[in-house]
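Reader: Hey, could you walk me through this one? I'd like to start with the strands and then go on to side-chain contacts.

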Amino acid sequence: MIQSNLILLLLLPILFHLLFQFSSSSEISVSVSSRSIPKSGDPITVKWSGIDSPSELDWLGIYSPANSSHQNFIGYIFLSSSPEWPSGSGSVTIPLINLRSDYQFRVFHWTESEINPKKQDHDHNPIPGTKHLLARSETVRFEPGRGPEQVHLASTGKDGEMRVMFVTHDGKESFVKYGLTRGKTGRVSSTRVSRYEREDMCHAPANSSIGWRDPGFIHDGVMVDLEDGKRYFYQVGSDSGGWSTIYSFVSQIRDSTETTAFLLGDMGTYTPYSTFVRIQEESIATIKWIRRDIEAIGEKPALISHVGDISYARGYSWLWDNFFNQIEPIASKVPYHVCIGNHEYDWPAQPWKPDWSYSIYGKDGGGECGVPYSLRFNMPGNSSEPTGTRSPPTRNLYYSFDMGVVHFVYFSTETNFLSGSKQYEFLKNDLSSVDRNKMPYVVVHGHRPMYTTSHETRDAPFRERLLANLEPLFVENNVTVALWGHVHRYERFCPLNNFTCGSSGFPVHMVIGMAGQDWQPIWQPRQDHLEDPIFPQPVRSLYRGGEFGYVRLEANRERLTLSYVGNHDGQVHDVVEILASGQVFNGRANMIVAGGGGGGDGGVVISWYVKVASILVLGAFLGYVVGFVSRSRRDAASEAKWTAVKSEDI
């Protein structure tokens, strides 16, 4: 009896501890501010309480569909992001994107001793552990009947038309209603429907349970018989599924003498949570400033060009949904045009992979093999290449169209561009057939750059082939500007041919991959001191910088102006003007680029404007004149015609 009592006394502390633990854990709760969300982008607040001895690594998992297994979250937020977390309670408020399925939130306990260094995300952060589930919320759904989402426009390449695409959850018959007044959208166009399946993806993560989510149904309609230069109002959807909000755009003008475009590359998308790949927070500011500029031009048509590396989904399909919801405020107002990049396409078994490209074409597409890119966009033309799998052919590879006074050309750096290929023949025929009396400027877009001074050695064999095969076409056909991405910085070159600057007739190359992705390479160091952090800027590279932003194109029959807009202030930081005659001015026609000869780097000489002015002044004032010209270069680069939005609004 005494022995039994002693055992009981020894067990009592353990029993009390277990009872306390059970009591504490049973009180842990997760709640949501609403179980019903009207539309994408609307916020939801998630609250938790009752966590005993919280860890700084405790985290909130975001799941969609709600029945996903623990490891298949779409994102996570550490509870320590809430100021109240040490108390075991807290909350976060985030916007949700409609993934056409329900959501659930789960709280997990995780400690530093449980970190697995072999399980890391793309940003080299450890993937949170799911061993200790503390609580889960009720499910959250999006309200039905709210109409389609992810609305975006594109030119068809034909006069009087505008394409509109959007996504629904069920693929039922949907329409586009449009008209010249907001209250009278009486004209109707039907849409065709497409979708892709998990089996269409080429490898993980795109075809795995972690990366795959149902993409919904993609609708594609065309508004026809549009009058020139008119603001049209439109809605998409159906009576049964609901109609979208009313959007508007300004139709293209036949034989217009003006062109406005916004040019960017490598933008990606932002999520309010961490996920398996790095997200691009700077994309928010890029869209903010472009939206400012679209509003500033008023009743003029415009377009957006995105030179590859679009969403950076890399096989995690919900990031495509985030991307299209993020660009909708601008892509529903002006056509959004794209060319393919490595992060939309590349996979180990891609059909064209010559021996010299072993270090170039890898698995950057995350197993998507161009499928979401091909179906979610519909660019002019009918270019396509088979994938060699059950996946649909890759589309939107190369095409062209006219807008105002500019002939826009897009091509693929990820598929065969060598002499004799279908793409090469397209470029050869297209560039040689442009009527330069009607279209004085030709702007070519490709993803991987022909010229860059970044320290990117892996692409060297690619650039050699691009220079050997396509640069002669560009020079022979007087391409005005060649735009590139891939390098996540801004760089502008003098008019170039074989690394030699010229005064006119050579393309101005610009790298514009600075719209959001912040994985930035270093500039090329000195060849004889590769380890030293000294990065000389060759004379052919007239301007380069690491600031995020985009390029604004404004053209008329006399000149084409390209302005680099920085995200930190929305102001212009570099300008180049190209006259219809081919002369290139570094700034607003105050300095001109001329042939440099020796060494192939070219040079910059004072324009004839300054030469004439110098005759009128005495030699004693020469220093003053040179100083004035130097300052005018800087002032020209910062000159802006557009009204800025306060930077704190970003």
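Author: Sure. Keep in mind that this is a predicted model. Strand β26 (residues 481-484) pairs with β29 in the parallel sense, over four bridges.

Reader: OK, and which residue of β29 is the bridge partner of L483?

Author: That's M510.

Reader: What about β27, parallel or antiparallel to β29?

Author: Antiparallel: β27 (residues 490-497) and β29 share four bridges. M510 turns up again here, as the bridge partner of R492.

Reader: How many of the five residues of β29 are buried?

Author: Five of the five, over residues 508-512, so the strand is largely enclosed by the rest of the structure.

Reader: And which way do the side chains point?

Author: V508, M510 and I512 point one way from β29, while H509 and V511 point the other way, and all of them are buried. That fits the usual picture: in a regular strand, side chains alternate between the two faces of the sheet.

Reader: Switching to cores. Which residues touch the most other members in the largest nonpolar core?

Author: F105, Y336, F377, L470, F474 and L560, out of 145 residues in that core. Helix α3 (residues 318-331) gives the most to it, with eight residues.

Reader: What does F377 touch, leaving out residues up to four places away in sequence?

Author: Quite a mix. Its contacts include the aromatic residues W320, F323, F324 and Y336, along with M165, I310, V338 and P372. H152, R395 and N396 are on F377's list as well.

Reader: What about a second core, how many residues is that?

Author: It has 14 residues and is separate, with V151, V164, V176 and V236 among them.

Reader: You mentioned F323 and F324. How are those two rings arranged?

Author: They form an edge-to-face pair, 5.3 Å centre to centre with 80 degrees between the planes. F323 is buried at a relative accessible area of 0%, and F324 is buried too, at 2%.

Reader: How many aromatic pairs does the structure hold?

Author: There are 38. Another one is F73 with Y76, edge-to-face at 5.8 Å between centres and 80 degrees between planes. Both F73 and Y76 are buried.

Reader: Which aromatic cluster do F73 and Y76 belong to?

Author: They're in one with W59, Y63, F78, F108, W110, F276, Y316 and W318. Y63 also has an arginine on it: R106 lies over the face of that ring, at 3.8 Å from the ring centre.

Reader: Nice, I'll look at that one. Where does the charged end of R195 sit?

Author: Over the ring of F217, 4.6 Å from its centre.

Reader: Now charges with charges. How many salt bridges?

Author: The structure holds 27. Take D102 and R141, whose side chains meet at 3.6 Å, N to O. D102 is in the loop between β6 (90-95) and β7 (104-109) and R141 is in strand β9 (residues 141-142), so the pair ties together parts 39 residues apart in sequence.

Reader: Is R141 buried or exposed?

Author: R141 counts as exposed, at 52% relative accessibility. Its partner D102 is buried, with a relative accessible area of 15%.

Reader: What's the distance between R254 and D228?

Author: The closest N and O atoms of that salt bridge are 2.4 Å apart. R254 sits in the loop between β17 (247-250) and β18 (258-264), and D228 in the loop between β14 (217-223) and β15 (231-238), 26 residues apart. R254 is partly exposed at 39% relative accessibility, and D228 is partly exposed as well, at 28%.

Reader: And D293 with R552, where do they lie?

Author: D293 is in helix α2 (residues 283-297) and R552 in strand β31 (residues 549-556), so this pair ties together parts 259 residues apart in sequence. Their salt bridge is 3.0 Å, N to O.

Reader: Buried or exposed, that pair?

Author: D293 is buried, with a relative accessible area of 0%, and R552 counts as buried at 2%.

Reader: Which residues do shared partners join into one network there?

Author: R292, D293, R552 and E554, through salt bridges that share partners.

Reader: Great, thanks!

Terms used
Residues are numbered from 1 along each chain as its sequence is written. This is a predicted model: local features need pLDDT of at least 70, side-chain atom pairs count only at pLDDT 80 or more; totals for chains, interfaces and linings use all residues. Side-chain values use heavy atoms; hydrogens and water are left out. Rings of Phe, Tyr and Trp (its six-membered ring) pair if their centres lie within 6.5 Å; planes under 30 degrees apart count as stacked, over 60 as edge-to-face and the rest as tilted. Buried means under 20% relative accessible area, exposed over 50%, partly exposed in between (1.4 Å probe, protein chains only). A charge sits over a ring if NZ of Lys or CZ of Arg is within 6 Å of the ring centre and within 35 degrees of the ring normal. Helices (H or I, at least four residues) and strands (E, at least two) are DSSP runs, numbered from the N terminus. Two strands pair if DSSP finds at least two bridges between them. A salt bridge is a side-chain nitrogen of Lys or Arg within 4 Å of a carboxyl oxygen of Asp or Glu. A nonpolar core is a set of buried Ala, Val, Leu, Ile, Met, Phe, Trp, Tyr and Cys residues joined through side-chain atoms within 4.5 Å. Contact means heavy atoms within 4.5 Å.
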